[in-house]
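Student: I have a model open and would like to test its labels against their definitions. Could we go through them together?

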Amino acid sequence: QVQLVESGGGLVQAGGSLRLSCASSGSIFSINALGEWYRQAPGQQRELVATIIGGGTTNYADSVKGRFTISRDNAKNTMYLQMNSLKPEDTAVYYCHAKTYWPVRDYWGQGTQVTVSS
């Protein structure tokens, strides 16, 4: 069974940076997979933050454009979210998600807390 393990969250001051990692126990971060980062702030609904498709094309929520970068390292079976210029409103639990298409399967990480202090 493929598992996604997240790491890299923590407490950072506004304007700082963090890099989240989502490590897969299998080779799923490839051209055959879509990868995403979601976040859920206290009292808020889950928000899609960033997406990377198998070919490398990325998309971002307007709230993080220019500050966050989603990437993957297929050799390490790991997806990343580089977060720069962090703001207090970025505080949330961040979840990684992957969907493969051959076969069709969905995988979720356990979540990692990001707290940005003002």
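Student: Which residue in β10 stands opposite Ala 98?

Tutor: Tyr 107 does. Before we go on, this is a predicted model, where local features need pLDDT of at least 70, side-chain atom pairs count only at pLDDT 80 or more, and totals for chains, interfaces and linings use all residues. Residues are numbered from 1 along each chain as its sequence is written, and side-chain values use heavy atoms, with hydrogens and water left out.

Student: What makes β9 and β10 a pair?

Tutor: Strands (DSSP runs of E, at least two residues, numbered from the N terminus) pair if DSSP finds at least two bridges between them. Here 5 bridges join β9 to β10 (residues 104-108), so the definition is met. The two run antiparallel, and a hairpin joins them through 2 residues.

Student: How do you know that β1 pairs with β3?

Tutor: The same test of bridges applies: 4 bridges join these antiparallel strands. One partnership is Leu 4 with Ser 24 in β3.

Student: Why are β1 and β7 at the edges?

Tutor: The open sheet has the order β1-β3-β8-β7, with antiparallel pairing. β1 (4-7) and β7 each have a single partner strand, so one side of each lacks a neighbour in the sheet.

Student: What makes a set of residues a nonpolar core?

Tutor: Its members are buried (under 20% relative accessible area, 1.4 Å probe, protein chains only) Ala, Val, Leu, Ile, Met, Phe, Trp, Tyr and Cys residues, joined through side-chain atoms within 4.5 Å. The largest one has 26 residues, and Leu 4 and Trp 37 are among those touching the most other members. β9 gives the most, with 4 residues.

Technical notes: Buried means under 20% relative accessible area, exposed over 50%, partly exposed in between (1.4 Å probe, protein chains only).
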